[in-house]
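Got the viewer open? Here's a short walk through the model, one selection at a time.

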Amino acid sequence: MRTHKMLLLSGLCTLAIGTGVAFGEGRNLGRPMVPADMAPWDIDIEPSGEGLPVGSGTSDQGAPIFADNCAACHGDGGRGATTTTSGAPAAPPVVSDMKRSGIDDTTLTIANFWPYAPPLFDYIRRAMPWTSPRSLTDDQVYALTAYILAENKLIDAKQVINAQALPKVQMPNRNGFIPRFPESTPRD
């Protein structure tokens, strides 16, 4: 009896593949992709700044956004916390006054670990806040990026960060990395 069911299933699969149903050629099985379908997912930001959206923000605008959305995990001012408000282990600090050369497990702060500033915007926009990623507007992400960069003393606190200014920020450990794909690394 089981062999008959397997043969019947095998025959139906062969018939489906043979008639093109398995490849979406039948009714109600989708349509070809168009650029508008991909636009919401095409959000990557290159180290050169290519792909940064329209918008802007300042450190002053970012401070309350950080307090409301980030401090629970990253601590007041981004300097770290021992636990979150829920008691879970905290996320790493995003602000540090320590300047180091080289990278090890103690250097996972923005100023020491990120070679370019635009991917910081990209990471915040994609993954933060941890409880509701992609919930911030582009202006809020620019403001948070400005706040974190200013708190790390990488930009002036009054500087407006936007698609033109962010790629120009010189990260302190930019030359401390060996690029995996040197052909796609921006040239200074």
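Start by selecting Val160 and showing its contacts: skipping neighbours within four places in sequence, Val160 touches Ser56, Gly57, Thr58 and Ala165. Keep in mind as you click around that this is a predicted model. Val160 sits in the loop between helix H7 (138-151) and strand E2 (161-162). Turn on the surface and you'll find Val160 partly exposed, because its relative accessibility is 42%, which falls between the 20% and 50% cut-offs. Now draw a C-alpha to C-alpha distance from Val160 to Asp60: they are 100 residues apart in sequence, yet 9.9 Å apart in space.

Next, hop to one of those contacts, Thr58, in the loop between E1 and helix H3 (59-69). Is Thr58 buried or exposed? It's buried, since its relative accessible area is 17% and the limit for buried is under 20%. Again leaving out neighbours within four places in sequence, Thr58 is in contact with Ala143, Ala146, Gln159 and Val160.

Now select residues 118-127, which is helix H6. Colour its buried residues: Pro118, Leu120, Phe121, Asp122, Ile124 and Arg125. What do they pack against? Show helix H5 (110-113) and H7, and you have the packing partners of that buried set.

Last stop: Trp41, in the loop between helix H2 (35-38) and strand E1 (56-57). Trp41 counts as exposed because its relative accessible area is 64%, and exposed means over 50%. Add Met33 and Met38 to the selection: with Trp41 they form a nonpolar surface patch, with about 410 Å² of accessible area together.

How values were computed: Residues are numbered from 1 along each chain as its sequence is written. This is a predicted model: local features need pLDDT of at least 70, side-chain atom pairs count only at pLDDT 80 or more; totals for chains, interfaces and linings use all residues. Side-chain values use heavy atoms; hydrogens and water are left out. Patches are made of residues with over 30% relative accessible area and no salt bridge: like charges are joined within 9 Å, nonpolar side chains (Val, Leu, Ile, Met, Phe, Trp, Tyr) within 5 Å. Accessible areas come from the Shrake-Rupley method with a 1.4 Å probe; for residues, only the protein chains shown count as cover. A salt bridge is a side-chain nitrogen of Lys or Arg within 4 Å of a carboxyl oxygen of Asp or Glu. Helices (H or I, at least four residues) and strands (E, at least two) are DSSP runs, numbered from the N terminus. Buried means under 20% relative accessible area, exposed over 50%, partly exposed in between (1.4 Å probe, protein chains only). Contact means heavy atoms within 4.5 Å.
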